[in-house]
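Good morning, colleagues. Please bring up the model on your screens, and I shall take you through several of its elements in turn.

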Amino acid sequence: MLNTRPRDLHAFEIAIFCALRLEADAMVALFDDIWEEEQYKKGTGDTNSYTFGRIHQHPVVLVHMPRMGKASASSVAASLRSSFPYIRVGFLVGICGGVPFSGRGKQEIILGDVIISTHIVQSDFGRLYPHTFARKKSPQENLGRPSPEVGGFLSKLQGQAVQTGFKDSMRADLTPSKYPGTSKDKLFEAGYIHKHAVTTACTVCAQCTQPQDDICAEALNSSCADLGCDSSRVVLRARIQTMNTEGYSTSSYCPAIHFGGLASGDQVIKSAFHRDHIAEQEGVIGFEMEGAGLWDTIPTIVVKGVCDYSDSHKGKDWQLYAAATAAACAKGMLKIWRGSVRRMEDTSNEEQSAPSPTHQIFSGSFTAGRNIYNGDTFTAQSINF
């Protein structure tokens, strides 16, 4: 009975937000059912685009954000409220930059890991002085704590028994995905700048010796392989060394899950110096761009896969896999989330003869309810991020 299609939008209590198309594709690929949008009528003034479906026992609505950033997130959240009056929780699912070391270096985050937010820091809200940027930190100017319901749920998720269960669920959903491999997970020293390695190749890069110095436009848009970044400047990490020593299967590897604060702002962080400074000042373990726009409007849990280290060497090679790990984690969390009494009562009155669900196949190898990412065959539109 719980798996039938709801009659109207009042039955939806869970919203999923995705800023990029590859993030939405990864999430929709894990829907257990997909329902045609034509059955549901939006509220007056609602300009959002949605995908409707079911994950486990929950009817869910995925909100396709028109662009990245806090303003876009805030706008879609406001529009959502005009159509879905009973949304209890929002999941912001996608990719982020990670802080490689936290907790005095004891916690390691590697590419493909998932970060689940315990709080959000609006990192670009403050005053810019000639010598520094000072974030506003008064209680009135900061984002609040998670709602009691979300806070309790996050506390439950951090229990050992619960984590074991939803990691098993993640592993099953990630089976079709291909872990890119530790050889492609490179963290360079924080002081090592992404620039032309051969000084004769570029006069601008040749004069770059400090993090604040200029590098040329070509270097900004080139890969480490193209520039010849020095592999001897790669930082050795215990987790990577353990995986290389003990071995791992790319088909069954399950990423680690980290709970902590996320910095949210409209700036894409591509500086190890600023990454480490903000992480130390604010106690965050990752960087993303939409959470602050949702936080005060809808009780939100941010679930982001780490696709880079927020440094000048960041690229897009890990975006697809990180989007897949975040989607699998969100689905595992929804298996544990419990619907309200109102939702149960509303479902009991739904017609059992709902139309058969559609099975949607995306371009490439994203298939609803089946594959997330099949090796190197999925091709997504390049996004300058």
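Helix α4, residues 160-174, is where I should like to start in this predicted model. The helix has 15 residues, and the distance from its first C-alpha to its last is 21 Å, close to the 21 Å expected at 1.5 Å a residue.

Which residues of α4 are buried? They are Gln163, Phe166, Ser169, Met170, Asp173 and Leu174. These residues lie on the same side of α4, because they cover an arc of only 130° around the axis. Gln160, Ala161 and Ala172, by contrast, are exposed on the other side of the helix. Against what do the buried residues of α4 pack? Their partners are strand β8, helix α3 (148-157), strand β11 (257-264) and helix α11 (319-336).

Let me follow two of those partners, beginning with α11. Its 18 residues should span 26 Å at 1.5 Å a residue, and the end C-alpha atoms are indeed 26 Å apart, so the two values agree. As for burial, 17 of the 18 residues of α11 are buried, and the helix is therefore largely enclosed by the rest of the structure.

The second partner, β8, covers residues 114-122 and leads us to the strands. Strand β8 runs antiparallel to β13, to which three bridges join it. In one pairing, isoleucine 115 has lysine 304 of β13 as its bridge partner.

Strand β13 itself comprises residues 300-308, and nine of its nine residues are buried. This strand also pairs with β5, residues 89-98, here in the parallel sense and over eight bridges. Isoleucine 95, for instance, has glycine 305 in β13 as its bridge partner. As a general reminder, side chains in a regular strand alternate between the two faces of the sheet.

I turn last to the pockets. The largest pocket has a volume of about 1200 Å³. Of the 48 residues that line this pocket, Gln267, Ile269, Ser271, His274 and Ile278 are the closest to its centre. Which element gives the most to the lining of the largest pocket? That element is α9, with seven residues. At least two lining residues come from each of β5, β10 (133-135), α6 (217-220), β11, α9 (272-282) and β12 (284-288). Two names on that list have already appeared in this talk: β5 pairs with β13, and β11 packs against the buried residues of α4.

Thank you for your attention.

Notes
Residues are numbered from 1 along each chain as its sequence is written. This is a predicted model: local features need pLDDT of at least 70, side-chain atom pairs count only at pLDDT 80 or more; totals for chains, interfaces and linings use all residues. Side-chain values use heavy atoms; hydrogens and water are left out. Buried means under 20% relative accessible area, exposed over 50%, partly exposed in between (1.4 Å probe, protein chains only). Helices (H or I, at least four residues) and strands (E, at least two) are DSSP runs, numbered from the N terminus. Two strands pair if DSSP finds at least two bridges between them. The expected span of a helix is 1.5 Å times one less than its number of residues. The arc is that of the directions from the helix axis to the C-beta atoms. Contact means heavy atoms within 4.5 Å. On a 1 Å grid over the protein atoms alone, a cavity is a set of points where a 1.4 Å probe fits but cannot get out, and a pocket is an open set with protein on both sides within 12 Å along at least five of seven lines; lining residues have an atom within 4 Å of a point. Grid points are joined across faces, edges and corners, and a volume is the space filled by probe spheres set on the points.
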